[in-house]
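Student: I am new to this structure. Please pick one part of it, look at that part closely, and show me how it sits in the whole.

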Amino acid sequence: MDVDHRRLLSGSDQRRSLGAWYTPDDVVSGLLDLALNPLLAARRVGGPRAVSALRILDPSCGDGAFLLSAGERIHRTLVELGLSEAEARRIAFGHCVVGVDVNPDAVRACRTALATAGADDPVDRVVTADALLATNGEWAALLGRWGAPGGVDAVVGNPPFLNPLAEATSADPARAAALRDRFGDVAKGYANPASLFLVQATRLANHQESVVCLVQPASLLASRGAAAARSAVLAHWSLDALWVARERVFDAAVDVCAPVLCRPRSTVAGRTRLVVGREFEDLAAAPAPGTDDLTWSNLLATARAVPDCSLQVDDLVGDVATATADFRDQYYGLEGCVVNAAHGDAGVPRLVTAGLVDPAHDRWGTVPARLYKASWSHPRVRLDSLNADMRRWASSRLVPKVLVASQTRTLEAFVDADGSCLPAVPLVSVTPDSGAPEDLWKIAAAFSSPPLTMVAARRHLGVALSSDALKLGAREVASLPLPAEGKAWTEATVAFRSASASTDLKVRLSHLRACGRSMCAAYRVDDSEALLAWWIDRLPTRPAAQ
């Protein structure tokens with residue numbers, strides 16, 4: 001292109017409000033290798049007419065990066081099949097690629113880019129529309145205009161990523177209601193609009209040989225908000241391939257992936273091809289998820305080289321303990337009642353945040369905590385400042401418990417043996433049903449083990465802010481498996497207690513490694529050394545004070 005059309009859309013505030021983060025050329029190329037190349041190879045057998053009949057849609061086309069790259073591939077194929085350069089360009093860029101975008105500036109930039117590439121008049125091929133809220137009649141009219149009344153052959157692109165919890169990017173009430181009417185359960189809760197684009201794409205690509213490939217936040221693979229979308233797309237499609245980025249590829253602070261969806265007959269023997277990184281490195285295929293799978297985390301875990309060892313288990317955490325999590329009511333209920341105090345009595349208990357929790361270690365008072373947009377060196381809660389509901393909550397939490405942190409690369413837990421601290425959101429509190437102090441240490445030793453971090457990663461990787469971190473709520477913590485009683489678990493518990501008593505980092509890590517080794521024996525892990533090495537590499541190694 002002679003004009004840098006991306007410069008027309010470069011305002012960061014506008015991009016952020018629209019969720020529009022434009023895709024690097026190498027990522028576009030790699031994704032089209034996965035999604036479009038097989039379709040082109042099948043069509044070229046039918047000659048120029050079959051290739052010319054292709055319709056490739058980008059439902060959030062932006063400046064046209066995906067459409068331009070797809071057009072170039074179609075153009076080259078047509079030239080190889082005997083068409084002239086000019087005719088091949090006219091067909092490829094003027095007929096085969098089509099798009100919509102809600103941003104008129106993006107539509108104008110995309111039209112200009114297609115015209116520069118060889119399209120005669122791309123006005124009818126790229127239109128301003130809301131891909132999610134356009135009616136069935138409006139979509140039928142567009143598909144008819146594009147010569148694809150039965151649906152397009154491929155849907156590709158990078159739809160908007162909008163945080164449904166952030167004020168600047170959350171849908172207004174009217175739009176949110178309209179999306180719920182349009183998509184039902186898929187749009188309820190905290191669904192990211194990107195997952196709605198994925199569902200919409202499967203509605204617009206109706207041929208048996210059609211393919212869908214849209215860039216998605218990695219949270220698609222595991223978050224509760226995307227569960228209905230995962231189920232919806234697998235009702236009639238299969239996950240043929242999954243690309244997982246190894247690094248951040250956009251200015252937006254989000255890890256991404258791209259599922260490649262095909263009709264069920266396209267998936268070979270129920271396997272999903274895994275491709276990683278900007279080099280699009282092929283990994284061994286993994287079992288394809290089914291409609292009954294709660295998450296697709298297992299695929300992300302395989303892409304992240306998480307071990308997959310067999311375990312022998314007896315109970316679940318929820319069979320022997322109660323796991324509870326706190327939410328916004330508690331977070332805001334504590335605001336204004338937190339004070340900085342190095343020392344205090346029972347009326348001002350310590351407040352522990354997730355950032356203060358390491359395996360077998362409470363960092364309170366040694367590093368600052370971040371809370372309510374402020375830094376706290378010694379955060380405590382004045383119980384007499386709490387309202388009646390919050391006082392009842394505090395009483396229920398000021399008991400002996402295990403505290404489990406989120407947004408971490410391993411499960412990280414420490415024992416609050418005397419019940420002297422309050423948990424800040426999003427810590428999970430676990431209390432043994434037996435009430436026995438020893439059971440606190442046994443449960444904490446299990447949490448601080450390679451097997452449970454592996455299980456958590458296989459089930460829940462992709463939910464946290466980083467796709468390499470873990471985020472578990474109370475329900476997920478309660479569903480983690482425990483081993484049978486025995487000598488190995490007892491030895492692990494002793495090691496965990498020793499780690500908790502250690503003030504020296506190296507000594508504590510040594511005890512944690514001993515705990516991990518014994519817990520591998522308790523779970524009877526088939527390849528304990530490999531699992532232990534993987535887990536040790538993920539352990540935090542922060543000094544006690546910074």
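Tutor: Helices and strands here are DSSP runs numbered from the N terminus, a helix having at least four residues and a strand at least two. The model is predicted. By that count the protein chain has 21 helices and 24 strands. The part to look at is strand S23, residues 428-432, together with what surrounds it.

A few overall values come before the close look. For 546 residues a compact globule would have a radius of gyration near 24 Å, and the 27 Å of the protein chain agrees with that. The C-alpha trace spans about 80 × 50 × 40 Å along its principal axes. Of the 546 residues, 54% count as buried. Among contacts with a separation of 6 or more, 74% are between residues 24 or more positions apart. The accessible surface comes to about 22,800 Å², and carbon and sulfur atoms hold 51% of that area. The side chains include 57 positive and 61 negative ones, and the centres of the two sets are 1 Å apart.

Now to S23. Buried means under 20% relative accessible area. Four of the five residues of S23 are buried, so the strand is largely enclosed by the rest of the structure. What does S23 pair with? One partner is strand S12 (residues 321-325), which pairs with S23 in the antiparallel sense over five bridges. Within this pairing, threonine 324 stands opposite serine 429 of S23. Strand S20 (residues 401-405) also pairs with S23 in the antiparallel sense, over three bridges. Here the bridge partner of leucine 403 is serine 429. Serine 429 therefore has a bridge partner in each pairing: threonine 324 and leucine 403, where two strands count as paired if DSSP finds at least two bridges between them.

Next comes S20. Five of its five residues are buried, so S20 is largely enclosed by the rest of the structure. Lys401, Leu403 and Ala405 point one way from the strand, while Val402 and Val404 point the other way, and all are buried. S20 has a further pairing, as five bridges join it to S21 in an antiparallel arrangement. Lysine 401 stands opposite aspartate 416 of S21. S20 and S21 form a hairpin with six residues between them. Glutamine 407 lies in the loop between S20 and S21 (412-416). Its phi is near 60°, a positive value in a residue other than glycine. With 33% relative accessibility, glutamine 407 counts as partly exposed.

Return to S23 and look at the chain just before the strand. Proline 426 lies in the loop between strand S22 (421-423) and S23. The peptide bond that leads from valine 425 to proline 426 is cis, with omega near 10°.

Further along the sequence is helix H16, residues 437-447. Eight of its 11 residues are buried, so the helix is mostly covered, a residue being buried when its relative accessible area is under 20%. The buried residues are Leu440, Trp441, Lys442, Ile443, Ala444, Ala445, Ala446 and Phe447.

Three other loop residues can be set beside these. Tyrosine 372 is in the loop between strand S17 (369-371) and strand S18 (374-376). Its phi is positive, about 55°, although it is not a glycine. At 16% relative accessibility tyrosine 372 counts as buried. Valine 306 is in the loop between helix H12 (297-303) and strand S11 (315-316). Valine 306 is buried, with a relative accessible area of 6%. Leaving out residues up to four places away in sequence, valine 306 touches Ala301, Met454, Ala457, Arg458, Leu461 and Trp534. Leucine 54 is in the loop between helix H4 (48-52) and strand S1 (56-58). At 0% relative accessibility, leucine 54 counts as buried. Apart from neighbours within four places in sequence, leucine 54 is in contact with Leu39, Leu40, Arg43, Cys96 and Asp153.

To sum up the part chosen: S23 pairs in the antiparallel sense with S12 and with S20, and S20 in turn forms a hairpin with S21.

Terms used. Residues are numbered from 1 along each chain as its sequence is written. This is a predicted model: local features need pLDDT of at least 70, side-chain atom pairs count only at pLDDT 80 or more; totals for chains, interfaces and linings use all residues. Side-chain values use heavy atoms; hydrogens and water are left out. The radius of gyration is taken over C-alpha atoms; the globule rule is 2.2 Å times the number of residues to the power 0.38. Buried means under 20% relative accessible area, exposed over 50%, partly exposed in between (1.4 Å probe, protein chains only). Contact means heavy atoms within 4.5 Å. Accessible areas come from the Shrake-Rupley method with a 1.4 Å probe; for residues, only the protein chains shown count as cover. Lys and Arg count as positive and Asp and Glu as negative; His and the chain ends are not counted. The place of a charge is taken as NZ of Lys, CZ of Arg, CG of Asp or CD of Glu.
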